[in-house]
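Hi,

Here is the structure I promised to pass on. Have a look first, and my notes on what turned up are underneath.

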Amino acid sequence: MSTTKKIAGAALAAALGVTTLSACGGGDTKDKPAGASDAPKSKTVTLVSHDSFNVTESVLKEFEQQSGYTVKVLKSGDAGAALNQEILTKGSPRGDVFFGVDNTLLSRALDNGIFTPYEAKGLAEVKPEYVLDKEHRVTPVDSGDICVNYDKAYFADKKIAPPQTLDDLTKPEYKNLLVVENAATSSPGLGFMLASVGKYGEEGWKDYWSKLKANGVEVVDGWEQAYNERFSGSAGGKKAKGDRPLVVSYASSPPVEVLYGEPQPAEAPTGVATGTCFRQIEFAGLLKGAKNEEGGKALVDFLVSKKFQEDMPLQMFVNPVTKDAALPELFTKHGVVVEKPENVTPETIAKNREQWVKAWTALVVK
């Protein structure tokens with residue numbers, strides 16, 4: 001997966017010319033709170049992550065000052081590639097904490113034993129539905145929903161109601177309107193395929209894709225091409241003269257379109273079909289063999305702290321997982337709440353992902 005999926009909010013920001021933080025360190029060592037680590041102030045703790053990790057510099061510096069640790073962020077491509085590297089270096093990790101494994105890859109990470117169990121301080125504030133590993137080898141950090149987005153102007157001009165459910169997408173009025181990402185090469189593409197598995201089950205999901213194919217679904221390799229070239233509703237798609245008013249993206253994409261719009265629109269130009277969504281949950285874990293285990297524990301605690309959780313939505317365009325974290329106004333005003341996303345258990349995904357993707361490819365692409 002690219003993430004949280006991240007999730008592609010950070011990619012969308014990059015596409016619109018916004019620079020993200022790649023690594024951060026330094027900061028003085030004043031104001032050490034009671035109970036903080038007695039480790040040397042110059043000690044470094046390394047976070048290995050996918051490319052979409054981001055945090056406000058002042059928020060990270062505050063953690064560094066309070067903990068006495070300097071944080072190094074090692075970005076390693078998309079989440080799948082980053083996880084593969086940690087599996088290959090199992091026991092001699094490149095860092096102390098890994099962030100970015102999601103529920104589509106979780107069982108693979110746990111089965112390979114790359115994490116040391118650690119129950120994070122603040123875990124009690126995490127909503128129980130996000131705690132998928134009862135052994136606490138990983139800690140939930142964020143969630144995001146992969147959903148079909150629609151071009152509001154297109155449907156208003158055509159006087160057609162935009163689709164809201166997976167079933168809607170197979171109807172004649174939406175023929176040749178949808179572009180999706182390849183489930184074999186793209187995180188949102190895989191998530192959307194899993195939404196169909198969650199909705200229709202093992203017996204019905206392939207029949208659903210047969211209907212989508214007959215209804216003119218277009219498949220491209222990745223999110224960037226789908227959203228910023230083929231989708232008519234995005235800023236990038238408009239420039240590229242995209243002609244598909246339906247695209248698989250994220251529930252957070254409309255707020256991002258507002259945030260980086262020039263000029264900033266009063267209303268998001270895109271909407272979300274809330275009955276088409278698959279929920280991704282991203283986790284962090286203390287890497288087995290970490291050189292700075294105590295620093296790693298402090299960093300995991302930081303990732304579920306209210307400060308980080310409330311900073312995260314506008315940095316990575318994902319939702320917090322803790323009960324006490326408030327969403328920014330941009331999300332509450334222009335975003336949507338997905339009440340009933342489709343879900344497939346990590347164990348079921350791990351058992352079937354490869355064969356599902358092969359079956360999907362044979363059915364839809366070849």
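Let me start with Glu 64, which sits in helix H2. Bear in mind that this is a predicted model. Glu 64 is buried but makes no salt bridge. How far away is the nearest side chain of opposite charge? That side chain is Lys 61, at 4.7 Å, and a salt bridge needs the side-chain nitrogen within 4 Å of a carboxyl oxygen. Glu 64 does have a polar atom of its side chain 2.8 Å from the backbone nitrogen of Val 71.

Next, the nonpolar packing. The largest nonpolar core has 48 residues, and the members that touch the most others are Phe 53, Phe 115 and Phe 308. Several elements give two or more residues to this core, among them helix H2 (57-67), strand E3 (70-75), strand E4 (97-102) and helix H10 (293-303). Strand E10 (270-287) is also one of those elements, and E10 supplies the largest share, five residues. There is a second core too, separate from that one, with 40 residues including Phe 192, Met 193, Ala 226 and Val 247.

Phe 53 and Phe 308 turn up again in an aromatic cluster, together with Phe 63, Phe 99 and Phe 302.

On aromatics in general, the structure holds 15 aromatic pairs. One of them joins Trp 209 and Trp 360 edge-to-face, with 5.6 Å centre to centre and 85° between the planes. Which helices do these two come from? Trp 209 belongs to helix H6 (residues 187-214) and Trp 360 to helix H14 (residues 346-365), so the pair ties together parts that are 151 residues apart in sequence. Both ends are buried: Trp 209 has a relative accessibility of 1%, and Trp 360 has a relative accessible area of 0%.

Tyr 227 and Phe 231 make another aromatic pair, this one tilted, at 5.4 Å centre to centre and with 40° between the planes. The relative accessible area is 0% for Tyr 227, so Tyr 227 counts as buried. Phe 231 is likewise buried, with a value of 0%.

Now for the sulfur chemistry. How many disulfides does the structure hold? Just one, between Cys 147 and Cys 277, whose sulfur atoms are 2.1 Å apart. The torsion about the S-S bond of Cys 147 and Cys 277 is about 115°, which means the disulfide is right-handed. The link spans distant parts of the chain, with Cys 147 in strand E6 (residues 139-151) and Cys 277 in strand E10, 130 residues apart. Are the two cysteines buried or exposed? Cys 147 is buried at 0% relative accessibility, and Cys 277 is buried at 2%. That brings us back to E10, the strand that gives five residues to the largest core.

One last item is Val 180, in strand E7 (residues 178-181). Val 180 has a relative accessible area of 1%, so this residue is buried. Its C-alpha lies 5.1 Å from that of Val 219, although the two are 39 residues apart in sequence.

If you want somewhere to begin, I'd open the view on Glu 64 and Val 71, then go on to the disulfide between Cys 147 and Cys 277.

Cheers

Definitions and conventions:
Residues numbered from 1 in each chain as written. Predicted model: local features only at pLDDT ≥ 70, side-chain atom pairs only at ≥ 80, totals over all residues. Heavy atoms only, no water. Phe/Tyr/Trp six-rings, centres within 6.5 Å; stacked < 30°, edge-to-face > 60°. Helix = DSSP H or I, 4+ residues; strand = E, 2+ residues; numbered from the N terminus. Buried < 20%, exposed > 50% of the residue type's maximum accessible area, 1.4 Å probe, protein only. Core = buried A, V, L, I, M, F, W, Y, C linked by side-chain atoms within 4.5 Å. Disulfide = S-S within 2.5 Å. Lys, Arg positive; Asp, Glu negative; His and termini not counted. Polar contact = N/O pair within 3.5 Å; in protein donor to acceptor, adjacent residues only side chain to side chain.
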